Every structure is written in structure tokens, then in C-alpha cells.
Amino acid sequence: MLGFLTARQAGLDDPLRLRRAESTRRVLNLELNHDRDVDRIHNNGINTIDIEVIEGRYMLSGGADGVIVVYDLENNSRKPQYTCKAVCTVGRSSQYVHRFSVETVQWYPHDTGMFVSSSFDKTMKVWDTETLKPAEVFQFEGNVYCHHMSPIARKHSLIAVGTKDQKVQLCDLKSGSRIQVLQGHRGEVLSVRWSPRYEHILATASTDSRVLVWDVRRASGSLFSLDQHNGDKSKASSEAVNTAHNGRVNGLCFTVDGLYLLTTGTDDRMRLWNSANGKNTLELYSGGKDCNILAWVPVVRPPDVEEEGTAAKGGSQATVNPAFEDAWSSDED
């Protein structure tokens, strides 16, 4: 780090290089907190967790045993060492428990009174936290791999669902029905993620090695497909054209500001993409065969998307997909 600091002080290095070096150093030095533990409730592996954003206090977990647990993360004992207690459980004795593995759990973004779970038993359930009973159950023809609710949506209440089917299902919380299908993938849909910046933008990943970005208001198909070669066909085999990875794509994660999208694949690679135009930033992260966890550590970046009103100014402009030139704010604002 002294070398980075010296180079930065002398003006030889870009400030971003120092930030990345420090972020990398901190990530590599992460250790488990030995003062905090969590109640052991699940009998098998834990597939998914989610911490609500209202207070940051309650955590959901879903396991391969079909059990769902709600934990209280607050330290009420005020002691340095403590165990996070399970507040309530949808266990094997419950008539509403998932019959097979729970793949995804998610709190309702605006209220802890509701959460959603999806499972290999071909169902997605919307739960009342108070009663631990499902208020709505969506049935699908195949295993459900994932679902996601938009953290910012005000004009819709859609849940995107990825299943064994090639089609992405959009379920409406208000009507309790499946209202839209997105067709474009040629394999099972393994991951779905709404943009935290634009409420109608959705990214989906599949076993067909592709990542598609959609505007769900449009019926003409996806906006674009992420291409690891950025359109340079000379670098791609015929099978790898318009593919994000050389294998199944099993993970998606937007940055907090929504400007970038991080993807993971079974080719043991993570790639960073510009979410506005779908360009591969060519920042490649390589992992080992046992690398199966994706976490985003935000780094301050200059925005690549022009702010409103800057288009009239001089200077070069970044290429932006036309869909992102719409007025994204509410009509009432």
C-alpha cells in the first residue's frame, strides 16, 4: 500500500487504482466474526438468506430441508458474544411448509409484514409474517430456481420468476396471477434481478449461456443480450456469439447505483457489464472450482450514464440503449 500511496501522492496513479487496491485488500482480509453465532435450525444446507432493509434487524433463511426461519439479529444481551435467535420457523410440522428445497427467500422491500419464498416443489408462496401462513400461492409447471421483487418499484408490483421453463414469468402481487411471459432464452432460467435504478428494467440469466436485459413495458422482446466479445465475431466461435459466459450463467448482481451488472458462470468467471448499453467492461474476475459465492463490494466510480440535461453540452457521449433515454420518473412527479 505504501507504493500506491507514494504514486498517488506524486500524481502518477489514477485515484481509482488506489481505491480498488484498498477494497481488494479489505476483502482478502475478511474473517468470520467469532463473537456472533446464529441458532442452528436447519438440518440440511442453507440455500438462501435475506436481511430486510427497513431496520436491518430480521433475517430470512431457506434450506434444502424446505424449512424457512426468521432470525432476530439484534444483540439484546449487550454482551460481546451472543447468538442470534430464531424468532419463528415454518418447519416440517407446518401444513404450509415447502415440500422440497427452498431456493430463494426475499422480504417485501417496503414492509416486514410480508415475504416471498420459492421452491423446487414448483411453487412460490407469499407469506404473512404475523401468521406464517401463505396469503397467495403461485403454481408452476417446473422447478422454481429464483424470484425477485423490485426494491424501488412504485408503478408495478411484479415478481420475476425463473423456472425450469425457458420463459421468464412475471407474477402480479395485486391480482395474484401471472400476467406476463418473457420469451427469449433457450434454456432454464437460473437467475433474475430487477435494476435498482429503473423499475421496469430486468436482467435474466440462463443455462443457454446468455444474459438478457428487458424493459417489461415492451412486447418486442429483450432490449439486448450481453456479449462477452462486444460484437467482435472474430474472437468468438459460432456457438459463443452473443453469450455472456462459456457455460451456464448462474448469478446476477447489480451495483447499488444500477450502473453496472456483475455476472457469474460455470466457466469460473465473473464479468462486469455496463448496464445501460450492455458493453463488457473487460474487467474479468477469475475464481477456482469451489467459488460459489457472489458478493458486491461497491467502489466509487464516475457515472457512465449521462445525467438529465447534459446531452445538450459538448463533448463525447457514451452510447446508450434507446430504452434508457425514456423519462423514467413518475408521470405525477
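Buried, in this talk, means under 20% relative accessible area. Tyr 145 comes in at 17%, so Tyr 145 counts as buried. Keep that cut-off in mind. The model is a predicted one.

Start with the record. UniProt, in an unreviewed entry, lists "repeat: WD" at residues 95–137, 182–217 and 242–283. Take the span 182–217. Its end C-alpha atoms lie 11 Å apart. Half the story there is strand: 50% strand, and 0% helix.

Now the aromatic rings. How many aromatic pairs are there? The count is 3.

One of them is Phe 115 with Trp 127. The ring centres are 5.9 Å apart, and the planes sit at 15°. Planes under 30 degrees apart count as stacked, so this pair is stacked. Phe 115 is in strand 7, residues 114–119. Trp 127 is in strand 8, residues 123–128. The two residues are 12 apart in the chain. Are they buried or exposed? Phe 115 is buried, at 0% relative accessible area. Trp 127 is buried too, at 1%.

Next pair: Phe 120 and Tyr 145. Centres are 5.6 Å apart, planes at 80°. Over 60 degrees counts as edge-to-face, so that is what we call this pair. Phe 120 lies in the loop between strand 7 and strand 8. Tyr 145 belongs to strand 10, residues 144–149. They are 25 residues apart. Tyr 145 we have met as buried. Phe 120, at 29% relative accessible area, is partly exposed.

Last point. Which residues do ring pairs link into a cluster? Trp 107, Phe 115 and Trp 127.

Key
Residues are numbered from 1 along each chain as its sequence is written. This is a predicted model: local features need pLDDT of at least 70, side-chain atom pairs count only at pLDDT 80 or more; totals for chains, interfaces and linings use all residues. Side-chain values use heavy atoms; hydrogens and water are left out. UniProt positions are given in the numbering used here, feature names are shortened, and annotations may be inferred rather than shown by experiment. Helices (H or I, at least four residues) and strands (E, at least two) are DSSP runs, numbered from the N terminus. Rings of Phe, Tyr and Trp (its six-membered ring) pair if their centres lie within 6.5 Å; planes under 30 degrees apart count as stacked, over 60 as edge-to-face and the rest as tilted. Buried means under 20% relative accessible area, exposed over 50%, partly exposed in between (1.4 Å probe, protein chains only).
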